[in-house]
Structures are given as C-alpha cells and as structure tokens.
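Here are some short exercises to work through with the model open in your viewer. Try each task before reading its solution.

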Amino acid sequence: MIDINVSKEVLVVGSGSTGLAAAEKITALGYKVTTIEFMPGNNADSVNLERVLGTTGNFKADLVKKGERATQTFGAVVVAPEYTREALNTQYGLKLSDKVITQTKLEEILETKPGVKGLINGNGSAIAFVSGYGKESKPSNFKKMFEAAQKVQNLEKCKAYVFVNNAKVGAEGLEKLFTKGRHDGVLCFKPENMPEIKQTSNELTIRTFDPVIRKDMEFSPDYIVIEESLQPDEKTDALKSILRIDTDFEGFLQSNNVHRFPVMTNRLGVYVAHEETAAANIALKIKELLGDGVIQAAEDQGVVDSEKCVLCLTCYRCCPHGAISWDDEAAIISPVACQGCGICASECPMDAIQIKGFVDETLRGNVDQAADSGKPIVVFCCENSALQAYNAAKGVNKDLPENLKVVHIPCAGKVDVEFIWQSLVKGAAGVVVAACHEGNCKSEKGNTYAKWRFSDIAKRLEAMGISKEKVGFINIASNMADDFAKKINEFALKL
Ligand code: SF4
Ligand code: SF4
C-alpha cells in the first residue's frame, strides 16, 4: 500500500438548492468547496467548467471566467443537475383543469394556506395520484409523489389514493417513506395496466382491476394528480462528456446500475445529487474518500509496462472508471480510481497492463490447468457474481457436469479472447463466460466487453466450420445457484 496525497477541495457544479445543500454539508465536514453554475458557452459573470482532467483525488478542472482560464485541483466533484418537467396528462387521456392537476401544481397548493383550504371541500377531499403508466417511474419521481400523497393524507378530512405501476423504492429513505405513508393511511393500488379514467365537467372516475383483492374497483376522486416526467436539461450532455460520467437510457446523469445508486457514478470521486436529501450522503462519501488528504491504495492494482506501451490510449477509452491518464512515456493507472476489473488489460493491444492478483502468466497457468484434463467444460466465473453462484451450487450439491472446471476472474471484462482460444486448443469441450446481468456489473461494462468477445469467437468458430455451441455466455447473479446449475447443464447438453 502507498500513501497518495489528495486535494481536500471539492467542486460543486450547480448552485440551485440541491447544489447549495451539498456544499453546506461538505463544508461542515471541513472541506473547502467551490460552487459554480455550469453554463456552457456563457461569458457572463458565472464561472464555467470547460474541462476536467486527472483522476480521483486530484481532478484538474479548467474554470473559465470572462475569458480568463484557471486550472484548479479538486479531490472530488459533485454535480447537482437540473431538470425540466412535463405533465403526462395526455398519456392518460386527460385535460389539465382545476380538478386534474400536476404534481408541481399540487406542491404549490400545499405550500399556501388558502391553497390547502381550497383543496378541502366541506366534506373532505379524495385525491388520487397516478404514476408510472405514462412513463416508467423513476425513484425520485415516485418519492416526490409519495411525499405529496402523505402530506395530503395528513390534512384534515383528506384521503390520498396512489395508483402506481411500479413502485420504485431504490432512493434514499424511500422504502421508509413508503412504509410510513401506508401506515398513515395512504391507500396504494398497483394495477398492472393503466387505470381507465373518465373526465367530465363535473366528475372524475377511476376504474381498475385491483390485483390484491382480485376485483374491479371504481371510485370518483375530487382531484387527480398527474405524474410529470423529468427530462435532463440541455447542459447534461456537456457535463457527461466533460466529467466522463455515464448517463442512463433516458439521458440522466448516473448509469442505470445498482452499484451506483443513489449518488455514485462510474468514476470514484464524482457524485450526483439529484435532490437535496442526497447532500448528507455525498458529504459522508467524500469524507470516506478524501479523509485528511491522504488515501492509502495498492500501488500495483493495475500496472503499465512503459517499455511495451505505445500510447494508443485504448485503455484510456475503455476504462469504465476513468482511472487512466498518461504522460510522455506511457499510460498511467491511478491506484485510487482503479477498481481492478481488468478490462483495460484485456483490450490493450500490446499486453502492457497487468492486474494485481490476475496477471496474465498466472491466468494462463490456471487456464492450462483447467483445460488440460479430459475434455472439460471451462467456465470463467466473475468473482462478483458467477463464482459465488457456483460455490453456492456446489455447497448445496446441485447437479453440475462432472468435468466442470472453474477459472476465477475479477470481472468478465478480464476474460481475454486469448484465454478462450487457449481453453479450446488445450482440449476443453466447451467454454462458458459467466458474467453479471446488465446494470449489475460493478465495472459497468465488464459484462458488455465479455459478450462482445464471446460473440466474436462464436462467429470465428462458425467461419472455421466448428460448432459455435462450443462457447457460451451466461448472465448470473451471486444468489442464483439454481440458475447457474441449470444454465451450465443446458450448455453441456448442447455440446
Ligand atoms: S492500451 Fe496498452 S499500449 Fe495502449 S496506451 Fe494503454 S497501456 Fe499503452
Ligand atoms: S483495471 Fe479496470 S478500473 Fe483499473 S484501469 Fe483497467 S479498466 Fe480501469
């Protein structure tokens, strides 16, 4: 392990309420914070972010004000993105009115006393929320809706009904909020299909099938609160490329990966604050990372042989964690940012990179050993998922092919094309690469790289007149012992 000095300054991009909440919490933990508003191409008084180089702990940010550029070093970066909102009433066949209102409108009403009075008629009000049918619900959207539903429920004489397609509780405190809301009396229905909603000048009717009581139900709320879809604002793409962080399939900062929620990104040291409640979590993560300005890390997590490196920068482009920079001689792997997945090592055309614990020479030896004994099935098992599933399957005596040989790898992204060929040449009857599911890969794209390589080999085998069924690719989670056994046995049957 070596000590690495890191900056104790933090850059917060976004000066809205979320950015300011994050800045406040981080400052309270003793870090110096610079907050900027990000406005690409704007030469006004604001400070803009043009470029960020460097890696975790020592990001070099080019900040520009009135044409003047200064490079400042930051240990971590927090982005508080902004969104635009769009009402999804037309998806429900509804017109906005004084009885069919948006989430934003309800929030405005709840903030004023006369507004709240107007919401409650003499006999009380039944207020229905609909979400997740116009568009796939996001945790942050669901949270806002559920907070409003709970406020409504706690108003005298009001009753909140929530119709939601897919209650996503994967945001901080959401599971608790959901439980408390239901405890307070918010009634939740989760029909699979969009409820049928009728709107006339004096009545609203919701009709749906309740899957819990297995009956059709119908009721007439006084108000319907329609979900809104959030859209990333126009600055998001620029931030994505400047910070080299992933977006999800809808273009929101932060990839759709369970290992990143709620505030992490694919780059250690870059965090996303989607809402104010994320501030405390981010501040603690920054404290955990930067500590007192010295980070301990394994020096040889990923090592580049400068004699072999030709500075093609393939590794820089494929590293999902933004852990690679370079100097005049060779690529440089940041011991702090590197997660040891091995994607870069498998992609490097010069074999110039070695990963701690999984150096090529050792892995070649392991492959030789596995493939050498009586036409085995060689399975490359990612240690984050498939290896655990295999161990569990073995532990409970699942039926597995007798000649199964497992090669332990740090991530499916470290399965070189060469290792698969080597297994086949040495006599393996078949080779399987077992990776995490999409959106569940700790290295973000290790499973994707592995699948590309597997497909490439399958095509080549076919072109050579050899059955492509000799190679297989499976997605497995660590708790899927049954599926591991099932999929491997299915593969074995095809050989
Ligand atoms: S991919 Fe290999 S050769 Fe290319 S820059 Fe990286 S270490 Fe050097
Ligand atoms: S091992 Fe993975 S995280 Fe480390 S530098 Fe290579 S690609 Fe990046």
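This is a predicted model, and we begin with one of its ligands.

**Exercise 1. Find the residues closest to ligand 2, then sort its shell by class.**

Solution. Start by selecting what surrounds ligand 2: the shell holds 15 residues, and the closest are C319, A323, C338, C341 and C344. Next, sort the shell by class. It has 9 nonpolar and 6 polar residues, with no charged ones. Keep in mind that Cys is counted as nonpolar here.

**Exercise 2. Do the same for ligand 1: which residues are closest, and how does the shell divide?**

Solution. Ligand 1 is surrounded by 14 residues, with C309, C312, T314, C315 and C348 as the closest. Dividing this shell gives 13 nonpolar residues, 1 polar residue and no charged residue.

**Exercise 3. Work out the strand order of the open sheet of 5 strands, and say which strands stand at its edges.**

Solution. Follow the pairing from strand to strand. The order is β9-β16-β10-β11-β12, and the pairing is parallel. Now look at the ends: β9 (100-102) and β12 (187-189) each have a single partner strand, so one side of each has no neighbour in the sheet. Going from one strand to the next, the twist averages 25°.

**Exercise 4. Describe how β10 pairs on its two sides, and decide whether β10 is mostly covered or open.**

Solution. Recall what holds such strands together: strands of a sheet pair through backbone hydrogen bonds.
- Towards β11: β10 (residues 125-131) and β11 (residues 158-164) are parallel and share 7 bridges. In one of these pairings, S131 has V164 as its bridge partner in β11.
- Towards β16: β10 and β16 also run parallel, joined by 4 bridges. Here V130 stands opposite I226 of β16.
- Burial: 6 of the 7 residues of β10 are buried, so the strand is mostly covered, taking buried to mean 20 or more other C-beta atoms within 10 Å.

**Exercise 5. Identify which strands helix α4 lies across, and at what angle it runs to β11.**

Solution. Display helix α4 (residues 139-153) over the sheet. The helix lies across β10, β11 and β16. Compare directions next: α4 runs at about 155° to β11.

**Exercise 6. Sort residues of helix α5 into buried and exposed, and explain how the buried ones are arranged.**

Solution. First, collect the buried residues of α5 (residues 174-184): L174, F178 and G181. Looking down the axis of α5, these fall within an arc of 65°, so they line one face of the helix. The spacing fits a general rule: an α-helix has 3.6 residues a turn, so residues three or four places apart point the same way. Then turn to the other side of α5, where E175, K176, T179, H183 and D184 are exposed. Finally, ask what covers the buried residues: α4 is included in that cover. Just after α5 comes G185, with a positive phi near 115°.

**Exercise 7. Summarise the whole protein: how many helices and strands, and what share of residues is buried?**

Solution. Count the elements to get 14 helices and 27 strands. Of the 495 residues, 42% count as buried. For overall extent, the C-alpha trace spans about 80 × 65 × 40 Å along its principal axes. Lastly, among contacts with a separation of 6 or more, 69% involve residues 24 or more positions apart.

Technical notes:
Residues numbered from 1 in each chain as written. Chains lettered and ligands numbered in written order. Predicted model: local features only at pLDDT ≥ 70, side-chain atom pairs only at ≥ 80, totals over all residues. Near = placed C-beta within 6 Å. Pairing = 2+ DSSP bridges. Axes fitted to C-alpha atoms, helices over the stretch in contact; angles between N-to-C directions. Contact = placed C-beta atoms within 7 Å. Buried ≥ 20, exposed ≤ 12 C-beta atoms within 10 Å, placed from the backbone. Arc of directions from axis to C-beta.
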